[in-house]
Every structure is written in C-alpha cells, then in structure tokens.
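Biologist: Got a minute to go through this one with me? I'll ask, you reason it out.

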Amino acid sequence: MIRRTLARFGIDPYLLALLGTVAVAIILPARGQGAVVANDAVSVAVALLFFLYGARLSPKAVWEGLLHWRLQSLVFASTYILFPVLGLGLTKAFGTWLSPTLILGLMFVCVLPSTVQSSIAFTSIARGNVAAALCSASVSNLFGMVVTPLLVMLLLDSKGVGFSGEAMKSIALQLLLPFAIGQLLRPWIGSFLQRYKSVISIVDRGSILLVVYDAFSEGMAAGIWSQVTVSDLVVVILLDMVLLAAVLAITTIVSRRLGFAKEDEIVIVFCGSKKSLASGIPMANILFPGQALGLIVLPLMLFHQIQLFACATLAQRYARRPAESRPEPLPSAVLDPAKA
C-alpha cells in the first residue's frame, strides 16, 4: 500500500530509506565501541555486496556485451573521461564558492564507476538493451577498482589522499577478491540467487544503508555539519544537477550522431551518466583515511539521489516510444544462471 502510494508520486522508497539512515546517523551516531563494531560490520557488508555482484554476473553475458565494443567504449569514455573533464571545469569555475573538502568530494563523484543495479533497472524500464547494460555497468565497476584510484592520484589534491600500494591492496581484498570468489562459486549458487532475488535485494540495499550510516556517524563525530552551511548545500546540489544534465545531454547527442539503435542509446545514456554509491563510499573510506569522510561523500549522496529522480523520469519517457522499437531478448545465460 505504502509502496504503491509512493510510486504514484514518483518517490523511490529506497531514497527515503537513505534519507532516514542519514537522519538516524545524525541523531544516534555510532561512538566508542559502537563505532568499532560499525566499521567491522561495514567491512563484512561491502565484501558480501561485491561477492553477490560476482555471483550474479554471467560470464557469457560479459563476453557478449564486450563484443559490442563501440557501445562499451562510449560508456567508458563518458564515465572516466567526460565526467572528470566536466568536473575539472566546474571546480575551477566555482571552487571559491565551496570548501576544499566539498570540492574534493565533487571531483570524487566524477572519477567513480557507474552503478550496477539502477543502470540495469532503468534500462529495463526504458525497454533498452539490458544485456549490454549488465555488461557495461559491471565492467565499469571492475575497471573502477583500478581506474578510480589512479584518477584520484592524478586529478585530486593528493594531500592526505591514501593512494598507495596499501590502498590498492585494500581495494583488492575488500572489493576485487569477493567479486572473484563470487564468480568462481557462481555455477553452484547462481540458480539459488536467481530464485531468491528479493532476499538478495534486501542484502544488497541493506549493505549500502549500513555503509551510509557508518560514514555519516563518523562525520557527526568529526563535526561535519558545523562545517556545512545552507549555501554550501545549495551550491553542491546545483553543481550536481548541472553535471548530470550535461552528461545526459552529451551522451544522448553523441549516441544519436554515431547512429546507435535506440536500445543501445538507452544503455549509453543510463550507464554513462550514473555514479555508484555502493562502490564510492567503500573506496572513499580506503582512499581518504583520516579525513572528514561524511563531508567528502556528501556530494556523492546528493548526486545519487538526483540521478535516480532524473533517470526515473527519463526512463518513463523512453518507455512511451512506439512499441515496434523493441530490444532483443536477453541471452539465456542472463535469464537462467544455470545455463551459463
């Protein structure tokens, strides 16, 4: 009943859950031994999250998606070239309006990989090429484990940034290793995960909520809200909106100029315009040790919510196009993990 009411007004219940988690962290932040427990729980949750990503992804679907190299190249260019270029321009133009930490956070948004779950979900709603979206989003996150730290080192103020051999080792152990184990175990557990999608979704989203709670608890302990004014929030929101609008417009225009089918255009627009909260917060925790993590991820939190609202509206517009323009059916390996 509540879900249907929220859907009628275009409100994603998960967005409300994210906002509620932030509110709980502000009112009841984890302190002392509770903070230690929360940090340990986050490490387990993040490992579980990437294990599930690995276990759900069909190797056959990855291979078929990679063969569509023009589409994948454009998504990669949007995620790791277009975004950083636009971010550098915005931070140069408006850098004096925000604190260095918020500028750092805004640039961090620009070097992150694409989302997995929402990119695929919106592509499906818009009647796009879901198999290609699955591949694009997943490959973007795999590359992001290496590319994002490198871009942090090259483009962001390196003072205090924890990019080092130890940082790469932490990313490999916390993100890449669980993903690889999930891939290895997929032949045995893939069909189970396919049958219990709702349970896996709860684990998936619950892990992100736990990570968000821990990040903002640390922020409360560090007193981040005393460092953020209403004008700061307004400027960050406006810059996030400008950044997203520019990428959506550019990816749409370029994909049409290059003659992509509508189903592939949808993949390029949705996968090329998103930034991952699930990958971003764990990476920020590794790459920015000892800094005000809650303040650094604030632009990402806001961008994440803005992108969901904007892309939900855009997906509905795509879905209303003439019915004769249909995407090709999903490969059997995507629909049935046991066939992979």
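**A bent helix, some charges and some rings**

Modeller: Keep in mind that this is a predicted model. Let's start with helix H8, residues 130-155: it has 26 residues, yet its end C-alpha atoms are only 33 Å apart, short of the 38 Å a straight helix would reach at 1.5 Å a residue.

Biologist: So at which residue does H8 bend, and by about how many degrees?

Modeller: The end-to-end span of 33 Å falls short of the straight-helix 38 Å. The axis does turn along the way, and the bend sits at Gly144, at about 50 degrees.

Biologist: Is H8 mostly covered or mostly uncovered?

Modeller: Go by the count of residues that are under 20% relative accessible area, the cut-off for buried. H8 has 26 residues, and the number buried is 19, so by that cut-off the helix is mostly covered.

Biologist: Which residue caps the N-terminal end of H8?

Modeller: Look for a side-chain oxygen that meets a backbone nitrogen at that end. The nitrogen belongs to Ala132, the distance is 3.2 Å, and the capping residue is Asn129.

Biologist: On to charges. How many salt bridges does a search of the whole structure find?

Modeller: Side chains of opposite charge can pair when their charged atoms come close. Here Glu265 pairs with Arg256 at 3.1 Å between the closest N and O atoms, and Lys262 pairs with Glu265 at 3.3 Å. Arg321 pairs with Glu263 at 3.4 Å. The search of the whole structure gives a count of three.

Biologist: How many residues apart are Arg321 and Glu263?

Modeller: Arg321 sits in the loop between helix H14 (293-319) and helix H15 (332-335), while Glu263 is in helix H12. Arg321 is buried at 13% relative accessible area, and Glu263 is buried too, at 11%. The pair links distant parts of the chain, and the separation is 58 residues.

Biologist: Which residues do salt bridges that share partners join into one network?

Modeller: Glu265 bridges to Arg256, and Lys262 bridges to Glu265, which makes Glu265 the shared partner. The network is Arg256, Lys262 and Glu265.

Biologist: Within that group, does Glu265 count as buried or exposed?

Modeller: Its partners are partly exposed: Arg256 has a relative accessible area of 49%, and Lys262 comes in at 28%. For Glu265 the relative accessibility is 2%, and the cut-off for buried is under 20%, so Glu265 counts as buried.

Biologist: Which helix holds both Lys262 and Glu265?

Modeller: Residues three or four places apart in an α-helix point the same way, because there are 3.6 residues a turn. Lys262 and Glu265 are three residues apart, about one turn, and the helix they lie in is H12, residues 262-273.

Biologist: What about sulfur: how many disulfides does a search of the whole structure find?

Modeller: A disulfide is a covalent bond between the sulfur atoms of two cysteines. Cys110 is buried at 0% relative accessible area, and Cys271 is buried at 0% as well. Still, for disulfides the search of the whole structure comes back with zero.

Biologist: Now the rings. Is the pair of Phe76 and Tyr80 stacked, tilted or edge-to-face?

Modeller: The two residues are four apart in helix H5 (residues 69-94), about one helical turn. Their ring centres are 5.0 Å apart with the planes at 55 degrees. Stacked needs under 30 degrees and edge-to-face over 60, so this pair is tilted.

Biologist: Which residue of helix H8 pairs with Phe76?

Modeller: This pair is edge-to-face, 5.5 Å centre to centre with 75 degrees between the planes. Phe76 lies in H5 and its partner in H8, so the contact ties together parts 67 residues apart in sequence; the partner is Phe143.

Biologist: Which residue of the aromatic cluster counts as buried?

Modeller: The cluster consists of Phe76, Tyr80 and Phe143. Phe76 is partly exposed at 32%, and Phe143 is partly exposed at 43%. At 5% relative accessibility, the buried one is Tyr80.

Biologist: Last one: which backbone oxygens does the side chain of Ser255 reach?

Modeller: Ser255 is in helix H11, residues 230-257, and is buried at 0% relative accessible area. One contact is at 2.8 Å and another at 3.0 Å. In that order, the oxygens belong to Thr251 and Thr252.

Terms used
Residues numbered from 1 in each chain as written. Predicted model: local features only at pLDDT ≥ 70, side-chain atom pairs only at ≥ 80, totals over all residues. Heavy atoms only, no water. Expected span 1.5 Å × (residues − 1). Bend = angle between axes of the 7 residues up to and from the residue. Buried < 20%, exposed > 50% of the residue type's maximum accessible area, 1.4 Å probe, protein only. Polar contact = N/O pair within 3.5 Å; in protein donor to acceptor, adjacent residues only side chain to side chain. Salt bridge = Lys/Arg side-chain N within 4 Å of Asp/Glu carboxyl O. Disulfide = S-S within 2.5 Å. Phe/Tyr/Trp six-rings, centres within 6.5 Å; stacked < 30°, edge-to-face > 60°.
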